[in-house]
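Trainee: I'd like to learn how to read a protein–DNA model. Could you walk me through one?

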There are 2 protein chains.
Amino acid sequence: METNIMDPNCPSRLVFQRIGDKWATLVIQVLEPGPMRFSDLRAKVAVVTPKVLTQTLRTLERDGLLTRTVFAQVPPRVDYQLTELGASLLPALKTLRTWAEQNVGRMAAAQDEYDAAIEDAVLSAAH
Amino acid sequence: METNIMDPNCPSRLVFQRIGDKWATLVIQVLEPGPMRFSDLRAKVAVVTPKVLTQTLRTLERDGLLTRTVFAQVPPRVDYQLTELGASLLPALKTLRTWAEQNVGRMAAAQDEYDAAIEDAVLSAAH
DNA sequence: CAGAATCCTTTTGGATACTG
DNA sequence: CAGTATCCAAAAGGATTCTG
């Protein structure tokens with residue numbers, strides 16, 4: 001069967017949505033080297049609140065991209081690690097990052113130019 | 001200089017954000033074959049409202065990913081087409097789509113499994 | 001035709017405080 | 001330590017109506 005990206009129910013939409021998630025791709029990339037516990041993730045992913053980090057992790061766990069392992073000890077310890085499926089996404093993310101690193105300068109320049117043109121238009125309209 | 005994805009100001013964040021935009025990647029991929037006018041885009045991208053489509057197009061234009069060309073005629077005609085920069089993003093998107101098409105089935109299965117486990121937990125808690 | 005303007009609902013992200 | 005519970009502000013997304 002043909003996957004049609006135009007279809008609102010197209011499965012690839014799900015993936016693009018996940019990629020766009022502010023924290024999801026970050027978490028996946030942080031987990032690349034190996035398992036990590038909640039507090040370490042918080043430290044690594046900077047100023048994310050526990051609530052948002054939990055949300056992100058639950059979503060990724062539900063997607064089968066990572067696993068959550070609880071150790072029965074006090075104080076509690078919970079490890080998160082990429083599944084094979086999650087790890088298989090890394091190359092695609094890497095491709096995107098590479099593009100980003102190489103082209104964000106051009107994007108930023110385009111934005112500056114665009115904004116300057118708008119500014120000019122506003123000023124001349126007010127003449 | 002080292003780009004650090006952990007940095008909230010990291011430029012690659014901008015790219016991931018754009019990729020995650022519900023309509024942006026769709027528009028870029030629809031424009032691959034060549035220029036297209038507003039109404040054709042609307043038809044292609046299904047049920048998007050003109051407001052949202054306009055927003056998306058403006059953002060992409062500002063990013064330097066596409067150009068907007070107005071023809072001085074009645075009725076009006078406006079063409080949108082990818083810039084070289086916009087087109088250079090296509091391979092990376094293609095990589096993602098390929099991953100999506102190959103793995104969305106596994107993601108969906110993982111979700112079903114996860115939801116079923118949750119459901120079981122709820123039922124047994126109510127025993 | 002290609003949108004702009006307005007209004008409204010839903011979702012998202014985050015701050016803060018509390019708990020097993 | 002690893003979360004959960006509440007509350008809130010901001011933004012995204014969309015329906016509808018109008019216009020050069």
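Trainee: Let's start with the DNA. Which element gives the most to the surface near DNA strand C?

Mentor: Keep in mind that this is a predicted model. To read a surface like this, you ask which residues have a heavy atom within 4 Å of the strand. Here α4(B) gives the most to the surface near DNA strand C, namely 4 residues.

Trainee: How many residues surround DNA strand C, and which are the closest?

Mentor: There are 19 of them, and the closest are K51(A), R37(B), S39(B), R68(B) and Y80(B). On the DNA side, 72% of the strand C atoms that come within 4 Å of the protein are sugar or phosphate. Sorted by class, the protein surface near strand C has 9 nonpolar, 3 polar and 7 charged residues.

Trainee: And the polar contacts? Which side chains have an N or O atom close to a phosphate oxygen of DNA strand C?

Mentor: The idea is to look for N or O pairs within 3.5 Å. S39(B) has a side-chain N or O atom 2.5 Å from a phosphate oxygen of strand C, and for R37(B) the corresponding distance is 2.8 Å. The backbone takes part as well: an N or O atom in the main chain of V78(B) is 3.4 Å from a phosphate oxygen of that strand. Stepping back to whole elements, those giving two or more residues to the surface near strand C are α4 of chain A, plus α3 (38-44), α4 (50-62) and β3 (77-82) of chain B.

Trainee: Now the other strand. Which residues come nearest to DNA strand D?

Mentor: Read it the same way. Of the 18 residues around strand D, the nearest are R37(A), S39(A), R68(A), Y80(A) and K51(B). Sugar or phosphate makes up 70% of the strand D atoms within 4 Å of the protein, with bases making up the rest. The class tally for the surface near strand D is 8 nonpolar, 3 polar and 7 charged residues.

Trainee: How far are R68(A) and Y80(A) from a phosphate oxygen of DNA strand D?

Mentor: A polar side-chain atom of R68(A) is 2.6 Å away from one, and for Y80(A) the distance is 2.7 Å. V78(A) uses a backbone N or O atom, 3.3 Å from a phosphate oxygen of strand D. In terms of elements, α3 (38-44), α4 (50-62) and β3 (77-82) of chain A each give two or more residues to the surface near strand D. The largest share, 4 residues, comes from α4(A).

Trainee: What turn and shift lay chain A on chain B?

Mentor: In general, two copies of a chain are related by a rotation about an axis and a shift along it. For this pair, a turn of 180° and a shift of 0.0 Å along the axis lay chain A on chain B with an RMSD of 0.1 Å. The two copies are therefore related as by a two-fold rotation axis. Within chain A, G20(A) has the C-alpha nearest that axis, at 1.5 Å. The interface fits in here too: 100% of the interface residues of chain A are also interface residues in chain B, so the copies meet through the same surface.

Trainee: Where should I look for a cis peptide bond?

Mentor: Most peptide bonds are trans, so a cis one deserves a look. In chain A, the bond from V74(A) to P75(A) is cis, with omega near 0°. P75(A) sits in the loop between β2 (66-71) and β3 of chain A. Chain B has a cis bond from V74(B) to P75(B), and P75(B) is in the loop between β2 (66-71) and β3 of chain B.

Trainee: Last one: what sits over the ring of F71(A)?

Mentor: The charged end of R77(A), 5.0 Å from the ring centre. In chain B, R77(B) lies over the face of F71(B), at 5.0 Å from the centre of the ring. As for aromatic pairs, a search of the whole structure finds 0 over all chains.

Technical notes:
Residues are numbered from 1 along each chain as its sequence is written. Chains are lettered from A and ligands numbered from 1 in the order in which they are written. This is a predicted model: local features need pLDDT of at least 70, side-chain atom pairs count only at pLDDT 80 or more; totals for chains, interfaces and linings use all residues. Side-chain values use heavy atoms; hydrogens and water are left out. A polar contact is a pair of N or O atoms within 3.5 Å; within protein, one must be able to donate a hydrogen and the other to accept it, and residues adjacent in sequence count only if both atoms are side-chain atoms. Ala, Val, Leu, Ile, Met, Phe, Trp, Tyr, Cys and Pro count as nonpolar, Asp, Glu, Lys and Arg as charged, and the others, Gly among them, as polar. Copies are superposed by least squares on the C-alpha atoms of residues with pLDDT of at least 70 in both. Contact means heavy atoms within 4.5 Å. Rings of Phe, Tyr and Trp (its six-membered ring) pair if their centres lie within 6.5 Å; planes under 30 degrees apart count as stacked, over 60 as edge-to-face and the rest as tilted. A charge sits over a ring if NZ of Lys or CZ of Arg is within 6 Å of the ring centre and within 35 degrees of the ring normal.
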